[in-house]
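Biologist: Please show me the sequence and the model. I should then like to ask how its descriptive terms are justified.

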Amino acid sequence: MTLIKSISGIRGTIGGAAGEGLTPVDIVKFTSAFGTWAINKAGIKKMVLGRDARISGSMVNNLVTGTLQGLGIDVVDLGLSTTPTVEIAVPLENAAGGIILTASHNPKQWNALKLLNAKGEFISDTDGKEVLDIAESSSFSYADVNDLGKVTHDDSYMQKHIDQILALPLVDVKAIAKADFKIVIDCVNSTGGIFVPALLEALGVKTVYKLFCEPDGVFPHNPEPLPENLIDLSKEVVAKNASLGIAVDPDVDRLCFVNEDGNMFGEEYTLVAVADYILKNTKGNTVSNLSSTRALRDVTELAGGEYHAAAVGEVNVVNQMKAVNAVIGGEGNGGVIYPELHYGRDALVGIALFLTHLAKYGKSISTLRSSYPGYFISKNKITLTPEMDIDALLSKVEKKYKAQPHSTIDGLKIEFDKQWVHLRRSNTEPIIRIYSEGDSETVANNLANKIIADIKEILQLS
């Protein structure tokens, strides 16, 4: 059993002993803390709630709803929804915040409380620590019987979300409809199975082949949209002679595509392609996290904009986007953040922008992919002893490469012309994760191996 209490939310496996998994006791405790924090922060007793389709969702939803009512908070329950839809709903409802019940790409035994502030954005590091402090000290008080919160069920937000997407100037429904795309979708039997077909229909896509679109939470494969988990989608795209394939994760904030030949477009390139389209129509800056592909920087600079890197984590990317007034940003895991709509990763707006781009491009999706710089990211890790001072170790690596451009805002990232390596310590294990990128798999792996050898040499000399 696992329970991870982080500043962005509470994530854990269902079952086990209290404090060791996401048990009913833990759900009530942390919901109480967040509800108390939200009332204190916003002075409003109203909260928006939504969930993905995982099988524990109903149980968790009941506990969260009852707890918020117990605090005297009115609940607007969107039911089966998506993370970006809840993010849009919070400010429209003038709520104190929102809770999304989803463990994102984690397998079915996991669930989580994702926590949003009154803007519908993930709470900050400082706010998250305040919530955890309230939880640990049990500094909450419940309402008396005359002041209990009320529950409203609202299923209108899928259409509101789609309508807002259709209203965006850079979403061209006529161009998409004219392109006559044939699309296969894999929605991993979660809420994408409701939302993605509805969006595609609204965008004028007439031919949609559905894979795993029954929102029953029985994931047919590992729900993270990685190539090894999308074999069925790839095969179906080829079998149906489709224009492309689309995959989303259980809460629909990550997005990736499959080319017409069954090969992966590459989740790192979801943001690159959408950014390319935005930058062709809107001059401005872009942001991604330090572990994302350099291709976004290349595309941004080619368009005359400035690229900026942020620490890993959606809230960090959003803060940097606001700081540099970015017109598009996100993360290399298929997360597109388009501030014209809202500051949150949103696969639905990503689909609409990408299809508009592809329709106007007028060629196949594989041809579009080949038009971008070709980079490869290698992901490795090195396991250390628990007593190892990882920060001191990273400092020694930094000193060794002090002549190279580098960043320490999130671990250590070192640049070598158009290659880079990013070292990040794990928050839960004595591990350094090593991400490296080059113009081929061999180059990326060689760079990672060089840094791993450097670390081993430093350890021997210590």
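Modeller: Let us begin with a hairpin: strand 14 and strand 15 are joined in this way with 3 residues between them. Gly334, which lies in the turn, has a positive phi of about 90 degrees. Please note that this is a predicted model, in which local features need pLDDT of at least 70 and side-chain atom pairs count only at pLDDT 80 or more, whereas totals for chains, interfaces and linings use all residues. Residues are numbered from 1 along each chain as its sequence is written, and side-chain values use heavy atoms, with hydrogens and water left out.

Biologist: How do you know that strand 14 and strand 15 pair?

Modeller: Strands (E, at least two residues) and helices (H or I, at least four residues) are DSSP runs, numbered from the N terminus. Two strands count as paired if DSSP finds at least two bridges between them. Strand 14 and strand 15 (residues 335-337) have 3 bridges, in the antiparallel sense, so they meet the condition. One bridge partner of Gly329 is Ile337 in strand 15.

Biologist: What makes the pairing of the sheet 13-12-14-15 mixed?

Modeller: This open sheet has 4 strands. Strand 12 (residues 285-289) pairs with strand 14 in the parallel sense over 4 bridges, and 4 bridges also join strand 12 to strand 13 in parallel. Strand 14 and strand 15, by contrast, are antiparallel. Val287 stands opposite Gly329 in strand 14, and its bridge partner in strand 13 is His308.

Biologist: Why are strand 13 and strand 15 called edge strands?

Modeller: Strand 13 (307-310) and strand 15 each pair on one side only. From one strand to the next, the twist averages 20 degrees. Helix 11 (residues 314-324) packs on this sheet and touches strand 12, strand 13, strand 14 and strand 15. The direction of helix 11 makes about 165 degrees with that of strand 14; such angles run from 0 to 180 degrees between N-to-C directions, and axes are lines fitted to C-alpha atoms, for helices over the stretch in contact.

Biologist: What makes strand 14 largely enclosed by the rest of the structure?

Modeller: A residue is buried under 20% relative accessible area, exposed over 50%, and partly exposed in between (1.4 Å probe, protein chains only). In strand 14 (residues 326-331), 6 of the 6 residues are buried, so the strand is largely enclosed. Helix 3 (residues 83-92) is also largely enclosed, because 8 of its 10 residues are buried. Among these buried residues are Thr83, Glu87 and Val90.

Biologist: Why is Arg54 called buried?

Modeller: Arg54 has a relative accessibility of 1% and therefore counts as buried. Arg54 is found in the loop between strand 3 (46-51) and helix 2 (57-70). Beyond its neighbours within four places in sequence, its contacts (heavy atoms within 4.5 Å) include Thr102, Trp110, Phe219 and Pro250.

Biologist: How do you know that Tyr435 is buried?

Modeller: Its relative accessible area is 17%, which lies under the limit, so Tyr435 is classed as buried. Tyr435 lies in strand 20 (residues 431-438). Its contacts beyond four places in sequence include Ser291, Ser378 and Trp420. The C-alpha atoms of Tyr435 and Lys381 are separated by 8.2 Å, although these residues are 54 apart along the chain.

Biologist: What makes the crossing of helix 7 and helix 12 right-handed?

Modeller: A crossing is right-handed if the near helix is turned clockwise from the far one by less than a right angle, and left-handed if anticlockwise. The axes of helix 7 and helix 12 (residues 347-361) cross at roughly 30 degrees and come within 10 Å, and the crossing is right-handed. Phe195, Val196, Leu199 and Leu200 in helix 7 meet Leu348, Ile351 and Leu355 in helix 12. By class, this contact has 7 nonpolar, no polar and no charged residues.

Biologist: What makes a set of residues a nonpolar core?

Modeller: Its members are buried Ala, Val, Leu, Ile, Met, Phe, Trp, Tyr and Cys residues joined through side-chain atoms within 4.5 Å. The largest core here has 58 residues, of which Leu244, Phe354 and Leu355 touch the most other members. Helix 12 gives the largest share of this core, 10 residues. Leu355 is in contact with residues that include Ile176, Phe181, Leu200 and Leu244. A second, separate core of 29 residues includes Ile27, Phe34, Trp37 and Ile123.

How values were computed: Ala, Val, Leu, Ile, Met, Phe, Trp, Tyr, Cys and Pro count as nonpolar, Asp, Glu, Lys and Arg as charged, and the others, Gly among them, as polar.
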